[in-house]
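Trainee: I would like to learn how the labels for a structure are earned. Can we go through some of them one by one?

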Protein chains: 2
Amino acid sequence: MNLEAYLEANEKEHLQQLFNLLRFPSISALSAHKNDVLACAEFIKNHLANLGFENAELLPTKGNPVVYADWLHAPGQPTVLVYGHYDVQPVDPLPLWTTPPFEPEIRDGRIFARGATDDKGQTFLHFKALEALFQTEGKLPVNIKFCIEGEEEIGSAHLPDFLEKNAERFQADVLLISDTGMIAPGRPTICYGLRGLVAFELHVETAKRDLHSGEHGGGVPNAIHALAELIASFHDAEGRITVDGFHDQVTSVTAEELQAFRDLGHDDEAYRTSLGLPALHGEPGFSTLERLWVRPTLEVNGIYGGFQGEGTKTVIPREAHAKLTCRIVPDQTPEHIYQTIERHIEKHTPKGARVTLTRQDSGRPYVTPFHHPAIQWAAKAYEKAYGVEATFTRGGGSIPIVETFDRLLHIPVVLMGFGLPDENMHAPDENFALENFRLGTRTLAYYYQGLPDALK
Amino acid sequence: MNLEAYLEANEKEHLQQLFNLLRFPSISALSAHKNDVLACAEFIKNHLANLGFENAELLPTKGNPVVYADWLHAPGQPTVLVYGHYDVQPVDPLPLWTTPPFEPEIRDGRIFARGATDDKGQTFLHFKALEALFQTEGKLPVNIKFCIEGEEEIGSAHLPDFLEKNAERFQADVLLISDTGMIAPGRPTICYGLRGLVAFELHVETAKRDLHSGEHGGGVPNAIHALAELIASFHDAEGRITVDGFHDQVTSVTAEELQAFRDLGHDDEAYRTSLGLPALHGEPGFSTLERLWVRPTLEVNGIYGGFQGEGTKTVIPREAHAKLTCRIVPDQTPEHIYQTIERHIEKHTPKGARVTLTRQDSGRPYVTPFHHPAIQWAAKAYEKAYGVEATFTRGGGSIPIVETFDRLLHIPVVLMGFGLPDENMHAPDENFALENFRLGTRTLAYYYQGLPDALK
């Protein structure tokens, strides 16, 4: 039986296995689900052992365990480290789910469940691709190591430390991750760049107490005005970031990449209407995809100060607060961004106000070595399964752990995603298209099969 | 027993009564306190009836009731209409109160409680001044009518209509209000001008849902940015209001008044340090007192949008909101101010945003007939109680209803205030100085005693 026939013959059984995996409410953000998280890890460990992987175990971290397993019997062949995560996002608001989040169901050619696309479903494709190779060829064409973690949805806080301490065990030639998306149905996509993240808060203070606007209005500074002025000072009227030195480390994008972006034929008008926007917005001189993928941002995520209740309160607020994040691009470093913003604030703090910046989490941007044969080969594997040429894109989001893997292991990171833009990742009615369940498994099997030749 | 001895002998008892009044959380802005507001009105009605006033009743309005009571047994003598309010401001932020806002306590010679100075404490002075006259002279020297309302802190929206329908009942020769302040301890002050108020909310909307800042950051507008830009556009960097036409109706102040302001010898540096400010702030070219009393303002009282919780949420908020008020001066009208701001917003709405302005309550500015004997006599009454000459000032605050009384009743409005600048009106730890509780009651008793002669 060949690979395709095996996958077809066993599809029903494989879907049942995936459903069993999706039934674990492994929500890492909620301590009430601690046992579900552990049970899910245990399930994957046993599943991998049953498929023929060796050394299957739960490796302890300072948080949830990492599922490890390997098969290292392809001497002289490359070793692939497969990363995925078995934890999922919370499910609220629950009433918005058509069917319960942990009772998987197929409707309209899609699997509905929390984790269906992010990331249990996508990780499971690797299990089935490798199972098919085991079953049809009796062995694997490459060496395999798994690193399936349980804290991705809460920021992978303990993984960097764990990886540093276990760097030897995770040595490999290629890191393969399926946790990203395709730009559209039938448009296989390789994400080769991710933006980094720099988070901080701004705290503005003026008087030692809130003041009455009748008694003091006109004589004293207002913390909300000061914060608004500061926020307005971060961009010019057209949307350019005006923080001195902010763009110093931004590397330019190659003409080839820009052409590739243009070739994607992004429809600005369709994008605008899909979000219900009066107009798109952003840095002049750059296309929407450039702005989303290769340009940095500085955004306020939340703001509060003064009276928020019903009606009127004639107060001059003594303090105001904002939460901000920057998406950063190669070769911007969080440290540099923090420093340029701190200098900007020093220079632009309105008279009568005191401003404090509190640093929060940050992660570096990452771009894979685009021309690496391990990445180029991914495009061919997609093409073989989907029958169309694969697209190389960059992504606007951040997977902070990618940069950690790169720094510790110095190996190319291949992001082969199978999600779709409308699969409600992190939202109610999360789902995963059956078509990509089928073609994704094949794509990954082809990838593993041909990788040794590709890397020769 | 003479008046002074009566007040001294009964001070403990009077303070206990005031404490009972201050215990009602009669917050008119919050519908959850509806019953507290009504209970407070009931308490005052009963208190006035017990003192010897007649026709004590709660007069219904379209909002909270007005407490009415009268004593009309001084034929041929003037009738004084006493206005006050029994509603109070909200109490947030609650953690900043040293003791709970509705559990009155005396510390450092001050009564601490929400409403202590604004306006339960000051209104209560009239009750006790008149009680002392009843008890020591067996009758009052003037006729008295009370109008104690319950919606002053939310703009007295229903009072004008109510007064129009009840104009006959409230006919009087003088309107007396204690809801303003003294310029400093031991400096009795008659306020002869008030700023008006124009309140509104701004609502900014962008996308139809909150967006992920990784996926969409750089491509789309951010409602908080748009709101911050709009707020920043209301003033120039030095603090001038930049709304076109905003100052059109502002009348100039006489040289005599300006000289009177200068004669007060306002100490900017002491003012700055008393509020804990890095710097004072406001329109260049005007002294602090001018800015506080005779120049209009435009202030944000509250702002909110996006994520306000702990940690980071990488969201591009679809909406943001601000609450604003203007203090306006003669002859600015609320309608003109709303219109100029609406035009400003139309012109300055950032691309990609929709902005809605919601009008809230408003009130006109007011200047009393300074030379009227009812006002000049107030200065003498202060002098008799405090032993120093009284000061005539204008005030930065608003008692919108003053302008309505003037328009409907055509009588002089006498603003005899007993608050102090540091009594945290509208803020945590509101308080009222015991000294002014004592001297204020006497001042008012003297005022009532001598008014018939003053008006002859």
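What follows is a set of questions about labels, each answered from values and cut-offs.

Trainee: What kind of model is this?

Mentor: It is a predicted model. Keep that in mind for every value below.

Trainee: What makes the contact between A:Arg438 and A:Glu11 a salt bridge?

Mentor: The cut-off is 4 Å from a side-chain nitrogen of Lys or Arg to a carboxyl oxygen of Asp or Glu. Here the N to O distance is 2.7 Å. That lies within 4 Å, so the pair counts. The structure holds 48 salt bridges over all chains.

Trainee: Which parts of the chain does the pair link?

Mentor: Distant ones. A:Arg438 sits in helix H14 (residues 434-454) of chain A, and A:Glu11 in helix H2 (residues 11-22) of chain A. The two residues are 427 residues apart.

Trainee: Why is A:Glu11 called buried?

Mentor: Buried means under 20% relative accessible area. A:Glu11 has 17%, so it counts as buried. A:Arg438 has 37%, so it counts as partly exposed. That label covers values between 20% and 50%.

Trainee: What about B:Arg107 and B:Glu105: buried or partly exposed?

Mentor: B:Arg107 has a relative accessible area of 19%, so it is buried. B:Glu105 has 30%, so it is partly exposed. Their side chains meet in a salt bridge of 3.1 Å, N to O.

Trainee: How do you know that B:Lys128 and B:Glu131 are buried?

Mentor: Set both values against the 20% cut-off. B:Lys128 is at 0% relative accessibility, so it counts as buried. B:Glu131 is at 8%, so it does too. Their side chains meet in a salt bridge of 2.5 Å, N to O.

Trainee: Where do B:Lys128 and B:Glu131 lie?

Mentor: Both lie in helix H4 (residues 120-137) of chain B. They are three residues apart, about one turn of the helix. An α-helix has 3.6 residues a turn, so residues three or four places apart point the same way.

Trainee: Why does B:Arg327 have no salt bridge?

Mentor: The nearest side chain of opposite charge is B:Glu152, 7.7 Å away. A salt bridge needs 4 Å or less, so this pair does not count. B:Arg327 is buried all the same. The residue lies in strand S13 (residues 319-328) of chain B.

Trainee: What makes the pair B:Arg327 and A:Ser213 a polar contact?

Mentor: The limit for a pair of N or O atoms is 3.5 Å. The side chains of B:Arg327 and A:Ser213 are joined at 2.9 Å, so the distance is within the limit. Leaving aside neighbours within four places in sequence, B:Arg327 is in contact with residues including A:His212, A:Gly214, A:Thr314, B:Arg195 and B:Pro296.

Trainee: Why is helix H13 of chain A called mostly covered?

Mentor: H13 spans residues 400-409, and seven of its ten residues are buried. Among them are A:Ile401, A:Val402, A:Phe405 and A:Leu408. Just after H13(A), A:His410 takes a positive phi of about 50 degrees.

Trainee: How many cavities of 30 Å³ or more does the structure hold?

Mentor: Five. The largest has a volume of about 280 Å³. Its lining has 24 residues, and those closest to its centre are A:His225, B:His235, B:Gly239, B:His281 and B:Gly282. Helix H7 (223-233) of chain A and strand S11 (297-306) of chain B each give two or more residues to that lining.

Conventions:
Residues numbered from 1 in each chain as written. Chains lettered and ligands numbered in written order. Predicted model: local features only at pLDDT ≥ 70, side-chain atom pairs only at ≥ 80, totals over all residues. Heavy atoms only, no water. Helix = DSSP H or I, 4+ residues; strand = E, 2+ residues; numbered from the N terminus. Buried < 20%, exposed > 50% of the residue type's maximum accessible area, 1.4 Å probe, protein only. Lys, Arg positive; Asp, Glu negative; His and termini not counted. Polar contact = N/O pair within 3.5 Å; in protein donor to acceptor, adjacent residues only side chain to side chain. Contact = heavy atoms within 4.5 Å. 1 Å grid on protein atoms, 1.4 Å probe; cavity = no way out; pocket = protein on both sides within 12 Å on 5 of 7 lines; lining within 4 Å. Points joined across faces, edges and corners; volume = space filled by probe spheres on them.
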